[in-house]
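The exercises below are for a reader who is meeting this structure for the first time. Please work through each task before reading the solution that follows it.

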Amino acid sequence: PIAAAHGIPEGKAETCVKDQAAADQLQQMVQAASDKGVTGTPTFFVNDKLVAAYDWATLEPFLKDAGS
């Protein structure tokens with residue numbers, strides 16, 4: 001039902017759900033994010049450092065300090 005609500009044909013959605021290689025890749029990505037301290041979204045890294053910022057007003061100073 002979710003896929004169909006977004007215009008994805010049932011057969012294509014079924015193929016995607018059964019793709020073990022894609023599921024394994026997704027799990028590796030989730031683990032890599034977890035290993036870096038990601039616990040949810042949004043999560044921001046500046047110069048490969050996790051920053052405690054969840055909106056622009058909080059993120060902007062980190063970016064300015066980094067020279068962006």
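**Exercise 1. Overall form**

Task: State what share of the 68 residues counts as buried, and describe the order of the helices and strands.

Solution. Of the 68 residues of the protein, 7% count as buried, a figure that, like every other value here, comes from a predicted model. The next step is to list the elements: the protein has 4 helices and 2 strands, and along the sequence they follow the pattern α-α-α-β-β-α. The overall dimensions can then be added, for the C-alpha trace spans about 50 × 25 × 20 Å along its principal axes. The radius of gyration is 18 Å, whereas a compact globule of 68 residues would have one near 11 Å. Finally, the protein exposes about 5700 Å², of which carbon and sulfur atoms supply 58%.

**Exercise 2. Helix α3 and its ends**

Task: Compare the expected span of α3 with the distance between its end C-alpha atoms, and then examine what is found at its N-terminal end and just after it.

Solution. Helix α3 covers residues 20-35. At 1.5 Å a residue, its 16 residues should span 22 Å, and because the end C-alpha atoms are 22 Å apart, the two values agree. At the N-terminal end, the cap is provided by D19, which has a side-chain oxygen 3.1 Å from the backbone nitrogen of A21. Just after the helix comes G37, whose phi is positive, at about 100 degrees.

A22 also lies in α3, and with a relative accessible area of 34% this residue is partly exposed. As a last step, A22 can be set against A53: the two are 31 residues apart in sequence, and their C-alpha atoms are 30 Å apart in space.

**Exercise 3. A nonpolar patch**

Task: Which residues make the nonpolar surface patch, and is L26 buried or exposed?

Solution. The patch is made by L26, M29 and V30, and its area is about 300 Å². L26 has its place in helix α3, and since exposed means over 50% relative accessible area, L26 counts as exposed at 51%. It helps to recall a rule about helices here: an α-helix has 3.6 residues a turn, so residues three or four places apart point the same way.

**Exercise 4. Salt bridges**

Task: How many salt bridges are there, and which parts of the chain does the pair K36 and D48 tie together?

Solution. The count comes to 3 salt bridges, where a side-chain nitrogen of Lys or Arg must be within 4 Å of a carboxyl oxygen of Asp or Glu. They can be taken in turn along the sequence.

1. E14 and K18 meet through their side chains, with 3.6 Å from N to O. E14 is partly exposed, having a relative accessible area of 40%, whereas K18 is exposed, at 61%.
2. K36 and D48 meet with 3.2 Å from N to O. K36 lies in the loop between α3 and β1 (44-46) and D48 in the loop between β1 and β2 (49-51), so the pair ties together parts that are 12 residues apart in sequence.
3. K64 and E60 have their closest N and O atoms 3.6 Å apart. Because they are 4 residues apart in helix α4 (residues 56-65), about one helical turn separates them. K64 is exposed, with a relative accessible area of 57%, while E60 is partly exposed, at 27%.

**Exercise 5. Backbone features in the loops**

Task: Where is the cis peptide bond, and what is the sign of phi at N47 and at D48?

Solution. The first step is to look at the loop between α3 and β1, where P42 is found. The peptide bond from T41 to P42 is cis, and its omega is near -5 degrees.

The second step is to move to the loop between β1 and β2, which holds N47 and also D48. Although N47 is not a glycine, its phi is positive, at about 50 degrees. D48, likewise a residue other than glycine, has a positive phi near 65 degrees. Both can be checked for accessibility: N47 counts as exposed at 63% relative accessibility, and D48 counts as exposed at 61%. D48 thus appears in two of these exercises, for its side chain also meets that of K36 in a salt bridge.

Note on methods: Residues numbered from 1 in each chain as written. Predicted model: local features only at pLDDT ≥ 70, side-chain atom pairs only at ≥ 80, totals over all residues. Heavy atoms only, no water. Patch = residues over 30% accessible without salt bridge, like charges linked within 9 Å, V, L, I, M, F, W, Y side chains within 5 Å. Areas by Shrake-Rupley, 256 points an atom, 1.4 Å probe, with all protein chains shown as cover. Buried < 20%, exposed > 50% of the residue type's maximum accessible area, 1.4 Å probe, protein only. Expected span 1.5 Å × (residues − 1). Polar contact = N/O pair within 3.5 Å; in protein donor to acceptor, adjacent residues only side chain to side chain. Rg over C-alpha atoms; globule rule 2.2 N^0.38 Å.
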